[in-house]
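Hi there,

Here is the structure I promised to pass on to you. Please have a look at it first, and then read my notes underneath.

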Amino acid sequence: MVVQDFLESNSGVAPKLIMTDEDQSMRIGIEQVFPNTMHRLCMWHILMKLTEKVGTTMKNNPDFHERFMSCVWGSETPSEFESQWCSIISDFGLADNTWLQEKYESRNSWIPAYFMETHLGGILRTTSRSESENAFFRHSANRNLALIEFWVKFETALEEQWQKELQEDNASLHTLPMLETCWSIESHGRDVHTHEVFAEFQRQVVAARDYCHVKSIVQVGEVRTIGISSKSGKVRVVSFNTSTKAAHCSCRMFESLGIICRHIIVVLKNEGCDEIPSQYVLHRWTKMAARQLSYDANGHELEGPSTCLSPTIKKLYSKTCSKFSLALHASKHCEEKMRYFHKVVGDAFTQLEQMGAISEQSKVQEFESFVGTSFPSVISIHPPDVANTKGSGKRLKRGSEQTVNQKKKEVK
């Protein structure tokens, strides 16, 4: 309970959701330390065992694989998932498969249909984000590094990520993707969303134009209920308030991903909406999201790079970058504003040059300042041998892998 005490004493906020593999010790620890946090299991770790657990016959059956994946990934409600699952188990004679029985009993821990009301940004279905971060830092760090060496390499890796983010941010601010339709709502989405988010929004707009059709309309007071058919043949129901422009779709894509679905887009288009209603433009998906300062739970500003700067200069640096980007964005569509902004920046730069240059610290000087001493030329104390702990050492091989390796040995 040490972590829990730490969170409470420091006004910390427990995570809304934690995703892990099926490790039992992790499950028990999360239940004890974060009793109110949703614990979800990684779908990739579960589905990679499927072909091994269902046997060779099912493994080579394309109909089973297609229906199973459609059931797991495509179900939009718990009742829909449970109905499809039971149908698959019955049709393929898998009632005696204990592994599938266990997965069904734990269905509310890994099936997306049970998390549709939880906003996960479309990314938290597997542990791939943490795995990719591990792989990224593994290129620049290893267990044999001294603390100061790890710190230097870690900082370098963070700066690399920060630089990539700046490049993508700059592309979103100063370039425009091609439009696929003549709908004004698509153009508005391009203006407000980053390139990556707009790409998904654009797919929904194109699908709304090509595959969605209005099947029924029923209005009671200000609420209009519209049935929308799509390419899959499934009819989704959209509830639309004609006064507030609030919409809710039975597919619940917005609740899960934060991007309005093709079905809501059809309704907005038929209602004459040329822009995405403001309540459906999440700030975190907009081009200007990175231009505002971010703070942690204690109100401390979250900094970017430039770790060698003093705290005061860091804060001024961050605020200046934010104001510069906002001003540039506000003036780029008006020649008069842009000329004025260009002149102001030029005059400021000239004044700064006249104030003289200040030499910057090198990386070595920066870290010597951090540890309070100069680096020794000869290292006489070395780190101890690393003990094997959870997550280190060789990965345990599954039964199928052991069988393949054994056959290779026999062939040799």
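Below is what I found, going from the whole chain to single residues.

Please keep in mind that this is a predicted model.

**The chain as a whole**

The protein chain has 412 residues, and 29% of them count as buried. Its secondary structure comprises 17 helices and six strands. Taking contacts between residues at least 6 apart in sequence, 55% join residues at least 24 apart. The surface exposed by the protein chain comes to about 27,000 Å², with 55% of that supplied by carbon and sulfur atoms.

**Helices 4 to 7**

I looked at this stretch one pair at a time. Helix 4 covers residues 50-59, and its axis comes within 11 Å of the axis of helix 5, crossing at roughly 145 degrees. On the helix 4 side the contact is made by Leu-50, Val-54 and Met-58, and on the helix 5 side by Phe-64, Phe-68 and Met-69. Sorted by class, that gives six nonpolar residues, with no polar and no charged ones.

Next comes helix 5 (residues 62-74) against helix 6 (residues 78-91), where the axes are 9 Å apart and the packing angle is about 160 degrees. Because angles over 145 degrees count as roughly antiparallel, helix 5 is roughly antiparallel to helix 6. Their crossing is left-handed. Helix 5 contributes Phe-64, Arg-67, Phe-68, Ser-70, Cys-71 and Gly-74, which meet Glu-80, Phe-81, Gln-84, Trp-85, Ser-87, Ile-88 and Asp-91 of helix 6. In this contact there are six nonpolar, four polar and three charged residues. Phe-64 and Phe-68 of helix 5 appear here and also in the contact with helix 4.

Helix 6 also packs against helix 7 (residues 98-105), at an angle of about 175 degrees and with the axes 12 Å apart. That angle makes helix 6 roughly antiparallel to helix 7. The residues that meet are Phe-81, Glu-82, Trp-85, Cys-86 and Ile-89 from helix 6 and Leu-100, Lys-103 and Tyr-104 from helix 7. By class, the contact of helix 6 with helix 7 has six nonpolar, no polar and two charged residues.

**Trp-85 and Lys-103**

Trp-85 deserves its own paragraph. This residue of helix 6 takes part in the contact with helix 5 and in the contact with helix 7. Its relative accessibility is 5%, so Trp-85 counts as buried. Setting aside residues up to four places away in sequence, Trp-85 touches Phe-68, Cys-71, Leu-100, Lys-103, Tyr-104 and Trp-110. Cys-71 is 14 residues from Trp-85 along the chain, with 6.5 Å between their C-alpha atoms.

Is Lys-103, in the contact list of Trp-85, buried or exposed? Lys-103 is buried, since its relative accessible area is 6% and the cut-off for buried is under 20%. Lys-103 belongs to helix 7. Apart from neighbours within four places in sequence, Lys-103 is in contact with Glu-22, Ile-46, Trp-85 and Trp-110. Trp-110 is thus listed for Trp-85 and for Lys-103.

**Val-214 in strand 3**

Further along, Val-214 sits in strand 3, which runs over residues 213-220. With a relative accessibility of 36%, Val-214 counts as partly exposed. Not counting residues up to four places away in sequence, Val-214 touches Ile-226, Gly-227, Ile-228, Val-266 and Asn-270. Ser-229 is 15 residues from Val-214 in sequence, and their C-alpha atoms are 6.5 Å apart.

**Two backbone angles to look at**

Two residues other than glycine have a positive phi: Lys-245, at about 65 degrees, and Arg-252, near 55 degrees. Lys-245 lies in the loop between strand 5 (235-241) and strand 6 (247-249), while Arg-252 is in the loop between strand 6 and helix 12 (253-257). How do they stand for burial? Lys-245 is partly exposed, with a relative accessible area of 29%, whereas Arg-252 counts as buried at 11% relative accessibility.

Happy to talk it over whenever suits you.

Best wishes

Conventions. Residues numbered from 1 in each chain as written. Predicted model: local features only at pLDDT ≥ 70, side-chain atom pairs only at ≥ 80, totals over all residues. Heavy atoms only, no water. Axes fitted to C-alpha atoms, helices over the stretch in contact; angles between N-to-C directions. Helix = DSSP H or I, 4+ residues; strand = E, 2+ residues; numbered from the N terminus. Parallel < 35°, antiparallel > 145°, perpendicular 65-115°, else oblique. Left-handed = near helix turned anticlockwise from the far one by under 90°. Contact = heavy atoms within 4.5 Å. Nonpolar A, V, L, I, M, F, W, Y, C, P; charged D, E, K, R; others polar. Buried < 20%, exposed > 50% of the residue type's maximum accessible area, 1.4 Å probe, protein only. Areas by Shrake-Rupley, 256 points an atom, 1.4 Å probe, with all protein chains shown as cover.
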